[in-house]
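Subject: A structure for you to explore

Hello! Here is the structure I promised to pass on to you. Have a look around it first, and then read on for what turned up.

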Amino acid sequence: MKVATLLYQNGSFTKEINKENLSEEEVQLIIGFGSGTILTSESSYSNIQSKFPNATICLCSTAGEIFDVGVYENSISIVALAFASSYIKTSVININNVSSSLEAGKQLVEQLSKEDLKLIFVLSDGGKVNGSELVKGLNANNTEGVLISGGLAGDGTKFEQTFVGLNSIPQSGNIIAIGFYGEKLKLSHGSLGGWESFGLEREVTKVNSNILFEIDHKNALDLYKTYLGKYADELPGSALLFPLSLIPSDEQEPIVRTILSIDEKNQSMTFAGDIPIGSKVRFMKANFDRLIDAASEAATNCLKINEINPKLALLISCVGRKIILNNRIDEEVEAISEIFGNNTALTGFYSYGEISPLKPFTNCELHNQTMTITCIDELN
């Protein structure tokens with residue numbers, strides 16, 4: 001497997017890391033993460049297509065792009081891949097053409113042949129798609145225990161419109177799945193948040209999908225404001241500093257849910273993912289060093305699955321982490337680079353939701369506020 005990474009800015013390719021002399025004609029797969037404005041430009045797509053004439057092109061809008069050890073905006077971070085014996089197949093669905101996000105997830109997996117399938121990497125619209133239901137659909141038809149990872153497209157901090165595209169200019173509502181096939185593929189993954197829980201564990205007692213009304217039969221918004229203290233006056237923006245730790249059942253590990261908005265009139269909070277009734281929840285707060293340490297630990301967990309340093313690490317972190325870490329944001333990417341070393345190509349984006357298993361090669365989950373890593377390599 002050969003890997004090269006490129007950065008596209010201001011209408012041209014401004015940076016390139018190509019240690020293996022991968023030729024443009026060899027490239028079989030392009031994955032690009034970029035600003036929605038640039039990504040949906042006809043000239044951007046045309047320039048990428050012209051440069052890599054034989055490649056399948058997958059594009060996803062972001063809340064920030066990861067290229068090498070830096071975090072960028074108003075750019076496209078591109079990874080180019082060529083395999084020795086492995087190969088890819090793709091499927092795409094627009095959410096407007098199916099009955100539900102659950103059905104979209106099922107159909108995406110159904111459209112991929114199962115023989116030799118090792119990884120399904122999913123890039124989904126981040127506004128129109130219910131990420132929790134999408135993940136349920138993906139898991140429902142993943143009878144072979146294939147690794148599923150990926151993320152929800154972003155739109156900076158605007159939360160207005162996101163875009164995903166397969167061999168075309170990206171559009172709103174699209175969901176794509178990239179199937180990676182071959183016996184020689186070496187895969188690993190990791191996902192961690194690094195948030196600190198505080199306060200008592202409580203039970204969700206009134207909820208409608210991802211809209212929370214009551215915890216322990218008390219008004220959830222009032223309770224949340226009590227915990228926020230002085231930060232309550234800065235809602236909804238300050239909600240990114242205080243996500244929710246969620247345990248759907250006694251058997252599961254905690255997952256993190258980000259608050260997208262609050263509704264003073266209906267006294268409710270809307271989350272970036274479903275909150276099942278009866279779930280155990282605790283409030284969380286940011287600790288800068290722990291967020292960065294969690295990124296490092298996610299990379300370490302990848303090496304526990306496969307001890308070799310991978311050729312490629314796809315990094316999907318959360319827009320909330322980017323806002324919180326602010327001018328320290330590069331540090332979480334640098335921490336991962338220190339674990340993998342200089343021979344691992346890094347690319348990725350800041351998302352509206354991350355998709356990854358909690359434990360090695362189990363069903364995937366929708367996460368918020370995590371650094372999620374998918375590592376890909378191919379044995380010679």
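A residue counts as buried when its relative accessible area is under 20%. Leu22 has a relative accessibility of 7%, so it falls on the buried side of that cut-off. Before we go further, please keep in mind that this is a predicted model.

Let's stay with Leu22 for a moment. You will find Leu22 in the loop between β2 and the strand β3 (29-34). Its contacts, leaving aside neighbours within four places in sequence, are Lys2, Val3, Ala4, Val27, Ala80, Leu81 and Ala82. Try finding Leu81 on your screen: 59 residues separate Leu22 and Leu81 in sequence, while their C-alpha atoms are 8.4 Å apart in space.

**Two helices that meet**

Next, turn to helices α3 and α4. Two packed helices are described by the angle between their axes and the distance between the axes. Here, α3 covers residues 101-110 and α4 covers residues 131-140; their axes come within 6 Å and cross at roughly 35 degrees. The crossing is right-handed. On the α3 side, the contact is made by Ser101, Leu102, Ala104, Gly105, Lys106, Leu108 and Val109, and on the α4 side by Glu133, Leu134, Lys136, Gly137, Leu138 and Ala140. Sorted by character, the residues of this contact are seven nonpolar, three polar and three charged.

Is Gly105 of α3 buried or exposed? Gly105 is buried, because its relative accessibility is 0%. Leaving out neighbours within four places in sequence, Gly105 is in contact with Leu134, Gly137 and Leu138. As another pair to look up, Gly105 and Cys58 are 47 residues apart in sequence, and 18 Å lies between their C-alpha atoms.

**The nonpolar cores**

In soluble globular proteins, nonpolar side chains tend to be buried together. In this model, the largest nonpolar core has 53 residues, and Phe340 and Ile373 are the ones with the most contacts inside it. Which helix gives the largest share of this core? That is helix α6 (residues 288-305), with seven residues.

Ile373 is a good place to zoom in. Not counting residues up to four places away in sequence, Ile373 touches a long list of residues, including Ala295, Ala298, Ala299, Cys302, Leu314, Ile336 and Phe340. There is also a second, separate core of 29 residues, and Ile31, Phe83, Ala153 and Ile376 are among its members.

**A histidine in a strand**

His367 is found in strand β25 (residues 364-367). With a relative accessible area of 2%, His367 is buried. Its side chain reaches the backbone oxygen of Ser356 at 2.8 Å. Ser356 also appears among the contacts of His367 outside four places in sequence, together with Ser191, Ile255, Val256, Arg257, Gly353, Glu354, Pro357 and Leu358.

**Two positive phi angles**

Which residues should you check for their phi angles? Asn10 has a positive phi of about 50 degrees although it is not a glycine. Gln369 is not a glycine either, and its phi is positive at about 65 degrees. Both residues sit in loops: Asn10 between β1 (2-9) and β2 (12-17), and Gln369 between β25 and β26 (371-378). Their surroundings make a nice contrast. Asn10 counts as exposed, because its relative accessibility is 79%, whereas Gln369 counts as buried at 0%.

**Two last stops**

Asp233 lies in the loop between α5 (220-228) and β17 (244-247). Its relative accessible area is 73%, so Asp233 is exposed. From the C-alpha atom of Asp233 to that of Leu112 is 48 Å, with the two positions 121 residues apart along the chain.

Lys118 belongs to strand β9 (residues 117-124). At 27% relative accessibility, Lys118 counts as partly exposed. Beyond its neighbours within four places in sequence, Lys118 is in contact with Val146, Leu147, Phe180, Gly182, Glu183, Leu185 and Leu187. The C-alpha atoms of Lys118 and Asp216 are separated by 42 Å, and these residues are 98 apart along the chain.

Enjoy exploring, and write back with any questions!

Best wishes

Terms used:
Residues are numbered from 1 along each chain as its sequence is written. This is a predicted model: local features need pLDDT of at least 70, side-chain atom pairs count only at pLDDT 80 or more; totals for chains, interfaces and linings use all residues. Side-chain values use heavy atoms; hydrogens and water are left out. Axes are lines fitted to C-alpha atoms, for helices over the stretch in contact, and angles run from 0 to 180 degrees between N-to-C directions. Helices (H or I, at least four residues) and strands (E, at least two) are DSSP runs, numbered from the N terminus. A crossing is left-handed if the near helix is turned anticlockwise from the far one by less than a right angle, and right-handed if clockwise. Contact means heavy atoms within 4.5 Å. Ala, Val, Leu, Ile, Met, Phe, Trp, Tyr, Cys and Pro count as nonpolar, Asp, Glu, Lys and Arg as charged, and the others, Gly among them, as polar. A nonpolar core is a set of buried Ala, Val, Leu, Ile, Met, Phe, Trp, Tyr and Cys residues joined through side-chain atoms within 4.5 Å. Buried means under 20% relative accessible area, exposed over 50%, partly exposed in between (1.4 Å probe, protein chains only). A polar contact is a pair of N or O atoms within 3.5 Å; within protein, one must be able to donate a hydrogen and the other to accept it, and residues adjacent in sequence count only if both atoms are side-chain atoms.
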